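Good morning, colleagues. I should like to take you through one protein chain, beginning with its overall make-up and then turning to its cysteines and a patch on its surface.

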Amino acid sequence: MKFDSILTEINGFGKFQIRLALIQIFSRMSLPCHFLLNNFMGAVPSHHCNITALAEGSVFGNLTQEQKLSVGVPSEQDGTLSSCQMFSKPQYQHLSGLNRSEDAVTVLCRNGWAYDNSTFKSTLATEWDLVCSKKGMNKATVTFFFLGVMCGAPLFGFLSDRYGRRPLLLVSYISSLMFAVLSAFSPSYMMFVIMRFLTGMSLSGISIISIALNVEWCGIAHRTFSGIIISLDWTLGNMLLVGIAYNVNHWRMLIVAVTAPLILSIVTWRWLPESARWLLANGKTDAAHGYLVQCAQMNNRMKYMATITQTELLKMAEGENEDKKYTFLDLFKTPNIRKISICSGIVWYGVALTYYGISLNITGFGLNPYLTQVIFASIEMPMKIGVYFFLEKVGRRSGEMGALLLTGLCLFINIFVAKEKWIIRTVVAVIGKSMSEASFTIIFLYTTELFPTVIRQNGLGYTSFVARLGVSISPLVVLLEDVWHLLPAIIYCAVAVGSGLVAWLLPETLNTRLPESIEDIEKPRGQSTRNKDFQKKSNLLIMTDTQPV
């Protein structure tokens with residue numbers, strides 16, 4: 001008897017599993033709030049040099065603010081005030097309409113900057129003047145955060161396999177709350193960056209452990225539906241972020257506000273069950289039996305549990321853990337699996353780089369950042385539902401390649417659309433964002449079908465690591481606009497198109513048997529003869545984390 005058979009008999013998606021999902025909803029909604037927090041926390045409002053040092057006698061002091069800016073700050077080619085330069089001396093000839101400044105000497109800002117606080121009262125940029133020559137330090141905060149996420153994933157994966165899902169989830173809750181609050185009250189930039197790195201590391205534990213816990217408590221027939229419900233937490237979190245950011249304009253309080261749901265997660269943790277699968281795998285049959293009884297009671301299936309003894313559970317655990325242990329190196333030992341590993345890694349890198357390149361650049365479409373974030377968040381729900389039906393008809397390889405190529409096309413089109421035409425830019429950006437979201441959704445499912453069962457977790461871990469590397473680099477690409485203002489968009493476009501073409505090198509997995517061993521990959525795949533219902537269950541078995549981390 002298999003564990004999935006027991007779950008089926010005691011209802012693989014009943015009140016017990018629903019309660020499990022609801023208990024974790026607060027912590028999972030906090031993930032996108034932190035992952036996309038820099039859209040608001042690190043926003044750079046309009047700014048110009050502080051020109052109070054130019055005051056000379058009574059003439060400058062009697063000018064209006066508009067006149068002071070006219071004589072103190074040079075204009076760019078588009079007529080806007082320079083953000084990083086000022087005149088060394090007031091150019092009073094500008095007041096009479098003489099705008100010739102050939103002999104005027106411009107210098108870098110001497111006494112800081114004056115910011116437009118109409119939208120954001122306080123951000124990282126205004127707190128530590130992370131503009132002009134220091135704007136790279138603002139983007140670096142995103143990079144360090146995602147480096148923390150990248151490092152935390154394998155760490156919490158290892159610890160949760162050794163010590164259990166439930167205790168490590170509590171560690172993630174508490175450490176995320178602690179480091180986030182410390183980052184909110186950091187007195188210096190360096191301390192803030194370190195705390196954000198540790199926050200990202202802690203949040204990665206919530207991301208991977210909560211998914212595993214939900215998957216391990218759901219039966220095969222309900223995992224697809226369960227995965228959709230869980231993935232919608234990301235969309236709800238996006239909406240929550242916009243609402244909180246709109247009402248909390250100070251970056252320190254914004255961090256505290258988006259972290260507050262973790263307090264509820266810590267309180268409700270006491271009702272969170274441990275994974276019965278993990279307990280059985282580690283020989284803790286007493287505890288596993290207790291949780292299974294609890295599940296059966298809540299789902300009104302106690303009659304079946306009368307036939308399940310602890311001895312039978314122990315035999316089941318021993319029978320399911322006789323397989324050979326595989327490592328990361330097995331991903332590159334044989335030709336076909338090596339090709340899959342390299343190509344899927346490139347695709348994952350491209351998907352993550354372009355997704356976050358769009359998601360973390362909401363101010364680049366000429367629209368209010370709050371409205372842009374709402375639009376981006378609202379398209380995720382119908383896209384995730386639409387992708388499910390699309391994959392059943394067209395296939396994984398064509399879907400992944402098409403989604404990435406269309407993402408690249410949208411990025412290419414927006415290169416030639418002027419910022420003044422914000423409606424066109426926003427429509428194209430929304431289409432590109434939806435295609436990028438589709439590529440992320442597809443690649444999660446596609447990867448689980450490409451790698452055989454014996455190294456599937458190693459494959460997912462490897463591709464997740466590569467994806468987070470792409471996320472870490474994505475915000476730094478924007479800095480290349482100083483070299484050429486179109487260069488970041490061209491890079492994002494090229495990466496999307498390139499990774500889309502690489503996706504075509506991967507084998508199609510629609511209606512094929514799921515590979516069990518490496519030998520199944522090294523020989524031609526045969527078409528499945530299983531019935532349609534079973535195909536749906538197996539093909540979408542682990543499609544439970546369609547939001548990007």
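What follows is a short description of the chain, its disulfides and one surface patch.

Please keep in mind that this is a predicted model. The protein chain has 549 residues, of which 53% count as buried. Its secondary structure consists of 25 helices and four strands. Among contacts with a separation of 6 or more, 78% are between residues 24 or more positions apart. The accessible surface comes to about 23,900 Å², and carbon and sulfur atoms account for 63% of that area.

Let me now turn to the cysteines. How many disulfides does a search of the whole structure find? The search finds two. As a reminder, a disulfide is a covalent bond between the sulfur atoms of two cysteines.

One disulfide joins Cys49 to Cys109, with an S to S distance of 1.8 Å. Where do these two cysteines lie? Cys49 belongs to strand E1, residues 47–49, while Cys109 sits in the loop between strand E3 (106–108) and strand E4 (113–115); the pair therefore ties together parts that are 60 residues apart in sequence. The link is left-handed, with -65° about the S-S bond. Cys49 is buried at a relative accessible area of 0%, and Cys109 is buried as well, at 16%.

The other disulfide is formed by Cys84 and Cys132, whose sulfur atoms are 2.0 Å apart. This pair also links distant parts of the chain, 48 residues apart: Cys84 is in the loop between helix H5 (65–72) and strand E2 (85–87), and Cys132 is in the loop between helix H6 (124–128) and helix H7 (135–163). The torsion about the S-S bond is about -100°, so this disulfide is left-handed. Cys84 counts as partly exposed, with 26% relative accessibility, whereas Cys132 is buried, with a relative accessible area of 17%.

If the bonded cysteines are numbered in sequence order, the pairing reads 1-3, 2-4. Cys410, by contrast, is in no disulfide; the nearest cysteine sulfur, that of Cys493, is 9.8 Å away. Cys410 is buried, at 9% relative accessibility.

Finally, I come to the surface patch. Which residues make this nonpolar patch of about 490 Å²? They are Leu406, Leu409, Phe412, Ile413 and Phe416. Leu409 is located in helix H20, which covers residues 396–415. With a relative accessible area of 42%, Leu409 is partly exposed.

Thank you for your attention.

Notes:
Residues are numbered from 1 along each chain as its sequence is written. This is a predicted model: local features need pLDDT of at least 70, side-chain atom pairs count only at pLDDT 80 or more; totals for chains, interfaces and linings use all residues. Side-chain values use heavy atoms; hydrogens and water are left out. Patches are made of residues with over 30% relative accessible area and no salt bridge: like charges are joined within 9 Å, nonpolar side chains (Val, Leu, Ile, Met, Phe, Trp, Tyr) within 5 Å. Accessible areas come from the Shrake-Rupley method with a 1.4 Å probe; for residues, only the protein chains shown count as cover. A salt bridge is a side-chain nitrogen of Lys or Arg within 4 Å of a carboxyl oxygen of Asp or Glu. Buried means under 20% relative accessible area, exposed over 50%, partly exposed in between (1.4 Å probe, protein chains only). Contact means heavy atoms within 4.5 Å. A disulfide is a pair of cysteine sulfur atoms within 2.5 Å.
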